[in-house]
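Biologist: I am new to this structure and would like a friendly, close look at a single part of it. Please start there, and then show me how that part connects with the rest.

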Amino acid sequence: MKTAVRADALWRPYTQHALADEPLAVSGASGSTLVLEDGRRLFDAVSSWWVTLHGHAHPKIAAAVAEQAGRLEQALFADFTHEPARRLAEGLLEIAPAGLSRVFLSDDGSTAVEAALKMAVGHWAARGERRTMIAALEGAYHGDTFGAMSASARGTFTAPYASMLFDVLRLPLPVDDAAARECRRLLEPQAGRLAALIVEPLVLGAAGMRMYPPRALAELRRVCSELGILFIADEVMTGFGRTGTMFACQAADVSPDILCCSKGITGGFLPLGATLATEEVFSSFLSEDRARTFFHGHSYTGNPIACAAAVASLEVFKTEPVLERIARIGAAHERHLARFAERPEVAQVRRRGTIAAIELAASDAGYLSGLGPRLRRFYIERGVYLRPLGNVVYMIPPYCSTEEELAHAYRVIEESLALLAR
C-alpha cells in the first residue's frame with residue numbers, strides 16, 4: 001500500500017518531530033530581520049545558524065549571485081577552473097593567517113573538516129609514515145559526517161554511531177596554564193602516531209560557546225610545531241570576524257598547517273566550504289605517481305555561483321566598515337552582559353568578539369535540557385529568534401544589527417530568567 005504523503009514531508013535537521021513545535025513559515029528576510037508568512041518579524045540574533053554575516057539579502061552579494069547564475073552555473077572542477085574560484089582562492093589567502101598557500105573547495109563545514117583530516121593522514125602516508133591518530137579537544141564539535149563526528153566529542157550527537165568512529169586522543173579545554181601543560185603531557189608520548197591536532201580556535205560552538213584564551217591556542221600550536229604534529233584550525237564558525245579578528249587564530253598570532261572555513265564564507269547565501277593548506281602539505285601529494293593523488297572531491301566542488309557569492313562577501317569587508325560594526329557589536333555585548341554576571345539565575349557569562357553566551361544555572365543543564373525549547377518559544381513570541389544550546393543562551397548576530405535590536409534581545413533574555421523559577 002502506498003504511504004499517504006504528509007502535508008509537510010520535510011525531515012528537518014536537529015529536530016525531534018514527535019516533540020517539536022510546527023516550523024515557522026518564513027517568506028522573506030532583509031538585514032537582520034526574518035519575515036514570517038503571518039507578518040511577524042523576528043530579529044535573527046543567531047544569524048540563521050551562524051551563516052549570515054552582513055545581513056539577509058545584501059544587495060552586493062545578491063547581484064553577484066544573479067549575474068553569475070546567468071553566465072556559468074556549474075562545471076566539473078577536476079578538469080575546469082573559472083574566475084570566481086580563482087578570485088575566491090586569492091581573497092581567502094590574502095586574509096588568512098600567513099603560510100597557507102593552497103585552497104581546496106567543498107560544500108560545507110563538515111566536508112571542509114573531512115578534507116582536512118584526510119589531508120593530514122595522507123600527508124604522512126605520502127612521506128612513508130603511518131600516522132592515523134587524531135587529537136582533539138574535549139567537548140569539540142567538527143561536523144556530522146563520519147570523520148568529523150569521530151573528531152567531535154562523544155555524546156548525544158554521536159552515540160548511535162560510536163562503534164563506527166575512529167578513536168581520538170582527547171585533550172582538556174586549555175582554559176588555564178595547568179590545562180595547557182596537561183595537553184602537552186598527553187601529546188608528547190603519542191607524537192609519532194599523531195597525524196594532527198584539530199581545534200576550534202578560542203570558541204567551541206556547539207559545546208555551548210565554551211571559550212579559552214589566545215595564549216592557550218598559541219601554546220597548542222607551539223607544542224604541535226615542536227613535536228612535528230600537524231595543526232588544524234577548524235574556523236568554520238569562528239572565521240570571517242566572528243571572534244573579533246578575521247580568523248580566530250590571528251588573535252593568538254597562530255598560523256595553522258590546515259584551516260577549515262565555511263558558514264559565513266558566502267555571507268549566508270549559498271553552501272560552500274574551503275580547506276586551506278600550506279605548500280608543505282600540498283607538496284606531499286605532488287608526484288608523477290598518480291597513486292599519490294589526493295582522492296577527495298564533491299560534485300559541487302568549486303560551484304561558480306557559490307564562489308561568486310563568497311567573492312562578493314569578501315568585497316563587502318573592503319567596501320563597508322565591517323570591522324567597525326564587529327567592534328560595535330562586541331562593545332554592546334560587553335555592556336549588556338555586565339548586568340547578567342551577578343544574577344543568581346546565571347552561572348556564567350562569556351564573550352569573544354561578536355559571540356556572547358549566558359549560561360543559565362539550571363538543574364537539567366546540557367544540550368537536552370528542557371529549558372532550551374521553552375526559552376526558544378518565549379523569545380519568538382517577543383520578536384527575537386534565539387536557539388539556546390540547552391541551558392546556554394547565546395547571540396551571534398549579523399554585523400548589520402543595530403544597537404536597538406541588540407538591546408531588545410537582551411531585555412527579552414532578562415525577562416526569560418523568570419522561567420527558571422517555574
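Modeller: What follows starts with one helix and moves outward from there.

A word on the ground rules first. This is a predicted model, in which local features need pLDDT of at least 70 and side-chain atom pairs count only at pLDDT 80 or more, while totals for chains, interfaces and linings use all residues. Residues are numbered from 1 along each chain as its sequence is written, and side-chain values use heavy atoms, with hydrogens and water left out.

Our part is helix 12, which covers residues 403-416. Helices (H or I, at least four residues) and strands (E, at least two) are DSSP runs, numbered from the N terminus. The 14 residues of helix 12, at 1.5 Å a residue, should span 20 Å, and its end C-alpha atoms are indeed 20 Å apart. That expected span is 1.5 Å times one less than the number of residues.

Which residues of helix 12 are buried? They are Leu406, Ala407, Ala409, Tyr410, Val412, Ile413 and Ser416. Here, buried means under 20% relative accessible area, exposed means over 50%, and partly exposed lies in between (1.4 Å probe, protein chains only). These buried residues pack against several elements, among them strand 3 (41-44), helix 10 (322-338) and helix 11 (371-381). Strand 14 (355-360), strand 15 (384-385) and strand 16 (392-395) are also packing partners of the buried residues of helix 12.

One of those buried residues, Ile413, leads us further inside. Ile413 is among the residues with the most contacts inside the largest nonpolar core, which has 103 residues. A nonpolar core is a set of buried Ala, Val, Leu, Ile, Met, Phe, Trp, Tyr and Cys residues joined through side-chain atoms within 4.5 Å. Helix 9 (residues 304-319) gives the most to this core, with ten residues. Leu88, Phe240 and Met395 are also listed among the residues with the most contacts there. Leaving out residues up to four places away in sequence, Leu88 touches Leu105, Leu272, Cys307, Ala310, Val311 and Leu314, where a contact means heavy atoms within 4.5 Å. A second, separate core of 26 residues includes Met119, Ala136, Ala151 and Ile198. In soluble globular proteins, nonpolar side chains tend to be buried together.

Helix 12 also takes part in a charged pair. Glu415 forms a salt bridge with Arg382, with the closest N and O atoms 3.6 Å apart. The pair links distant parts of the chain, since Glu415 is in helix 12 and Arg382 is in the loop between helix 11 and strand 15, 33 residues apart. Both partners are partly exposed, with Glu415 at 45% relative accessibility and Arg382 at 32%. A salt bridge is a side-chain nitrogen of Lys or Arg within 4 Å of a carboxyl oxygen of Asp or Glu. Side chains of opposite charge can pair when their charged atoms come close.

How many salt bridges does a search of the whole structure find? It finds 24. In one of them, the side chains of Asp177 and Arg215 meet at 3.3 Å, N to O. Asp177 lies in helix 6 (residues 177-187) and Arg215 in helix 7 (residues 214-227), so this pair ties together parts that are 38 residues apart in sequence. Asp177 is partly exposed at 44%, whereas Arg215 is exposed at 52%.

Another bridge stays within helix 7: Glu219 and Arg222 both lie there, three residues apart, about one turn of the helix. Their closest N and O atoms are 2.6 Å apart. Glu219 is buried, with a relative accessible area of 18%, while Arg222 is partly exposed at 41%. Both residues belong to a network of salt bridges that also links Arg184, Glu188 and Glu226.

One last stop shows distant parts of the chain meeting. Asp108 lies in the loop between strand 4 (100-106) and helix 4 (109-126), and is partly exposed at 32%. Its C-alpha atom is separated by 5.7 Å from that of Ser262, although the two residues are 154 residues apart along the chain. Leaving aside neighbours within four places in sequence, Asp108 is in contact with Ser262, Leu272 and Gly273. Leu272 brings us back to the core, as it is also one of the residues that Leu88 touches.
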